[in-house]
Amino acid sequence: MPPIRIAARPALGVVLALAAAPAARAEPASYAIDPEHFSASFSANHLGYFNLVGLFTEGEGSFTYDEEARALSDLEVTIATDSIFTGHEDRDGHLMSADFLNAAEFPEMTFVMTGAERTGERTGRVTGDLTLVGQTRPLTLDVTLNQIAPYPFGHGKRTIGITATGLIKRSDFGMTYFVPAVSDEIPLTLGFEANRED
């Protein structure tokens with residue numbers, strides 16, 4: 001499965017209620033994803049025998065979060081397709097080839113947020129456009145706010161921890177190699193910490 005880069009443009013008027021805790025500040029704040037605390041995992045069934053699990057290890061991004069309104073906007077995430085890791089060098093090389101991610105020509109996967117809705121006290125659903133191997137298709141992410149609090153050591157900044165899950169159909173992006181023997185639908189899970197910038 002190709003690496004995923006997720007980028008988002010400003011989504012005016014679109015909010016996502018994520019936090020159940022009372023707001024610490026009354027104004028929206030900018031957050032930057034910590035690349036050292038980021039992963040994008042995926043799985044694909046191989047010939048019916050087992051589910052291969054892999055990672056994209058490099059990502060970055062930013063967003064705006066208003067704790068008082070419990071609103072997320074301006075989400076931007078980027079995943080490097082050549083950071084794919086499945087524990088097997090030859091397989092990783094094949095996944096980066098033109099049969100799958102074509103990482104040489106398309107080094108990033110990008111998601112652009114277009115809308116959002118609240119689904120629970122700490123959950124929401126974000127819709128947007130995913131661009132992968134030169135193709136752009138809609139993608140929905142189910143988002144969970146794991147925690148928001150001052151970081152307990154180190155920088156001490158206010159930090160948000162998020163998990164987001166979605167389902168990518170690779171044939172929608174022209175990646176039809178070995179479908180259906182290798183899964184067409186690929187579950188994706190993003191996990192990251194993001195630190196307040198101001």
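**View 1. The largest nonpolar core, built around a handful of well-connected residues.** Start with the 42 residues of the largest nonpolar core, where Tyr31, Phe56, Phe63, Tyr65, Phe111 and Ile160 touch the most other members. Who brings what to this core? Strand 1, strand 3, strand 4 (71–80), strand 6, strand 7, strand 8, strand 9 and strand 10 each hand over at least two residues. Strand 1 provides the largest share, with 7 residues. Keep in mind, here and in the other views, that this is a predicted model.

**View 2. Tyr31 and Phe63, a stacked pair of rings.** Now zoom in on two of those core residues, Tyr31 and Phe63. The count of aromatic pairs in this model comes to 6. In the pair made by Tyr31 and Phe63, the rings are stacked, at 5.6 Å centre to centre and with 10 degrees between the planes. Tyr31 sits in strand 1 and Phe63 in strand 3 (residues 59–66), so their pairing ties together parts that are 32 residues apart in sequence. Are these two residues buried or exposed? Tyr31 has 1% relative accessibility, so it counts as buried. Phe63 is buried too, with a relative accessible area of 2%. And the story doesn't stop at two rings: ring pairs link Tyr31, Phe63 and Phe192 into a cluster.

**View 3. Phe100 and Tyr177, an edge-to-face pair between two loops.** Here the ring centres of Phe100 and Tyr177 are 5.3 Å apart and the planes stand at 70 degrees, so this pair is edge-to-face. Phe100 is in the loop between helix 1 and strand 6 (108–118), while Tyr177 is in the loop between strand 9 and strand 10 (185–196), so the pair ties together parts that are 77 residues apart in sequence. Check how much of each residue is covered up: Phe100 is buried, with a relative accessible area of 7%, whereas Tyr177 is partly exposed, with a relative accessible area of 36%.

**View 4. Strand 7 and strand 8, an antiparallel hairpin.** Follow the chain along strand 7 (residues 123–132), through the turn and back along strand 8 (residues 135–150): the two strands run antiparallel and are joined by 10 bridges. How many residues lie between them? Just 2, and one residue in the turn, Val133, has a positive phi of about 45 degrees. For an example of a bridge, look at Gly124, whose partner in strand 8 is Val143.

**View 5. Strand 8, strand 9 and strand 10, side by side.** Strand 8 also pairs with strand 9 (residues 158–169), again antiparallel, through 8 bridges. Look for Gln147, which has Gly161 of strand 9 as its bridge partner, and for Ile148, which stands opposite Ile160 in strand 9. Moving on, strand 9 and strand 10 run antiparallel and share 11 bridges. Among these, Leu167 has Pro187 in strand 10 as its partner.

**View 6. The largest pocket and the residues around it.** To finish, here's some empty space: the largest pocket, with a volume of about 320 Å³. It is lined by 16 residues, and the closest to its centre are His46, Leu52, Arg91, Leu95 and Val182. Strand 1 (29–46), strand 2 (50–56) and helix 1 (89–95) are the elements that give two or more residues to this lining. Which element gives the largest share of the lining? That's strand 1, with 4 residues. Sorted by type, the lining has 11 nonpolar, 3 polar and 2 charged residues.

Technical notes. Residues numbered from 1 in each chain as written. Predicted model: local features only at pLDDT ≥ 70, side-chain atom pairs only at ≥ 80, totals over all residues. Heavy atoms only, no water. Pairing = 2+ DSSP bridges. 1 Å grid on protein atoms, 1.4 Å probe; cavity = no way out; pocket = protein on both sides within 12 Å on 5 of 7 lines; lining within 4 Å. Points joined across faces, edges and corners; volume = space filled by probe spheres on them. Nonpolar A, V, L, I, M, F, W, Y, C, P; charged D, E, K, R; others polar. Phe/Tyr/Trp six-rings, centres within 6.5 Å; stacked < 30°, edge-to-face > 60°. Buried < 20%, exposed > 50% of the residue type's maximum accessible area, 1.4 Å probe, protein only. Core = buried A, V, L, I, M, F, W, Y, C linked by side-chain atoms within 4.5 Å.
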